[in-house]
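Me: Please take a close look at one part of this protein with me. I'd like to start from a single residue and work outwards.

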Amino acid sequence: MINRYFRRIDTRTGQWQYFSRPYNSWGKWASFTPLKQYLGLLLPFAFLLGFPAHQYWQNQNTLAENFAELQRKRQQLDHQSRLLAVLQQKAQRHLSQAMTTKLASIHQQIQSLAADLSLTHSQWQLQGTPGLELKIQGHFAEIQQFLTALLRQIPELALLSWHIRKNDETDNAETDGHSFIESSLSFRLQIDKE
């Protein structure tokens, strides 16, 4: 029984004999100077830490390249938007010069056709498609003749709305049995885009 006990002790010390042998890797490392031992420990850690550092620098380089590309694209977009704005201004100036002459001639025709009526309000709205707001006072028959002649002479004008209101000031003053009315007319100018 004692032999069995000593055998167990020998077995346990046999396991620790690996660390006392001078020719294995542990023994060689233990025989180094402390400086070489520290360097031997630092080298694997530096190697293992090199992978995340390398990945970090690759990500930083990719991020910097993407940021530079984004800046370049923004500069191109700004340049193109400035060019578009200049071209739109040129197109609007060209359109407005042609449109101004057309609107002036239409306005002269309206003035000549409304000579017998009282034209109280005339305003062009130039946002998007040009539009015209007219307010005319007169008898219904005269306003009807004006409107018919206007739409025949200027086919580009499209009537959008026509509101008729009896003028309260002349309720009692009827001339020739016809009422004096006020008409609000809205037109849209149809532009031929060539």
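Reply: **One strand and its surroundings**

Let's begin with T120, which counts as partly exposed because its relative accessibility is 45%. The cut-offs are simple: buried means under 20% relative accessible area, exposed means over 50%, and partly exposed is in between, all with a 1.4 Å probe and protein chains only. Before we go on, this is a predicted model, where local features need pLDDT of at least 70 and side-chain atom pairs count only at pLDDT 80 or more, while totals for chains, interfaces and linings use all residues. Residues are numbered from 1 along each chain as its sequence is written, and side-chain values use heavy atoms, leaving out hydrogens and water.

So where does T120 sit? It lies in strand β1. Helices (H or I, at least four residues) and strands (E, at least two) are DSSP runs, numbered from the N terminus. If you skip its neighbours within four places in sequence, T120 is in contact with K135, I136 and Q137; contact here means heavy atoms within 4.5 Å. There's also L134: it is 14 residues from T120 in sequence, with 7.7 Å between the C-alpha atoms.

Those contacts lead us to the neighbouring strand. β1 covers residues 118-125 and runs antiparallel to β2, with seven bridges joining them. (Two strands pair if DSSP finds at least two bridges between them.) To find one bridge on screen, look for S118, whose partner in β2 is Q137.

β2 has another partner too: β2 and β4 are antiparallel and pair over nine bridges. Here you can look for I136, which stands opposite S183 in β4. As for how covered β2 is, seven of its nine residues are buried, so the rest of the structure largely encloses it.

Now for what's inside. L134, which we met beside T120, belongs to the largest nonpolar core, a group of 20 residues in which L134, F146, L157 and F187 touch the most other members. The elements giving two or more residues to this core are α3 (34-113), β2 (131-139), α4 (140-153) and β4 (180-189). A nonpolar core is a set of buried Ala, Val, Leu, Ile, Met, Phe, Trp, Tyr and Cys residues joined through side-chain atoms within 4.5 Å. As general background, nonpolar side chains tend to be buried together in soluble globular proteins.

Try clicking on F187. Not counting residues up to four places away in sequence, F187 touches G131, L132, L134, L147, L150, L151, L157, A158, L159 and L160.

Two of those contacts, L147 and L150, are buried residues of α4, along with I143 and F146. These four cover an arc of only 95 degrees around the axis, which puts them on the same side of α4; the arc is that of the directions from the helix axis to the C-beta atoms. On the face turned away from that buried side, α4 carries the exposed residues Q145 and R152. The helix has 14 residues and reaches 20 Å from its first C-alpha to its last, close to the 20 Å expected at 1.5 Å a residue. That expected span is 1.5 Å times one less than the number of residues.

Q153 is also in α4, and at a relative accessible area of 45% it is partly exposed. Just past the helix, E156 lies in the loop between α4 and β3 (157-166). E156 is partly exposed as well, at 26%. Leaving out residues up to four places away, E156 touches K102, R188, L189 and Q190. R188 is 32 residues from E156 in sequence, yet their C-alpha atoms are 8.1 Å apart.

Finally, zoom out. The protein has four helices and four strands, following the pattern α-α-α-β-β-α-β-β along the sequence. Of its 194 residues, 17% count as buried. Among contacts with a separation of 6 or more, 55% are between residues 24 or more positions apart.
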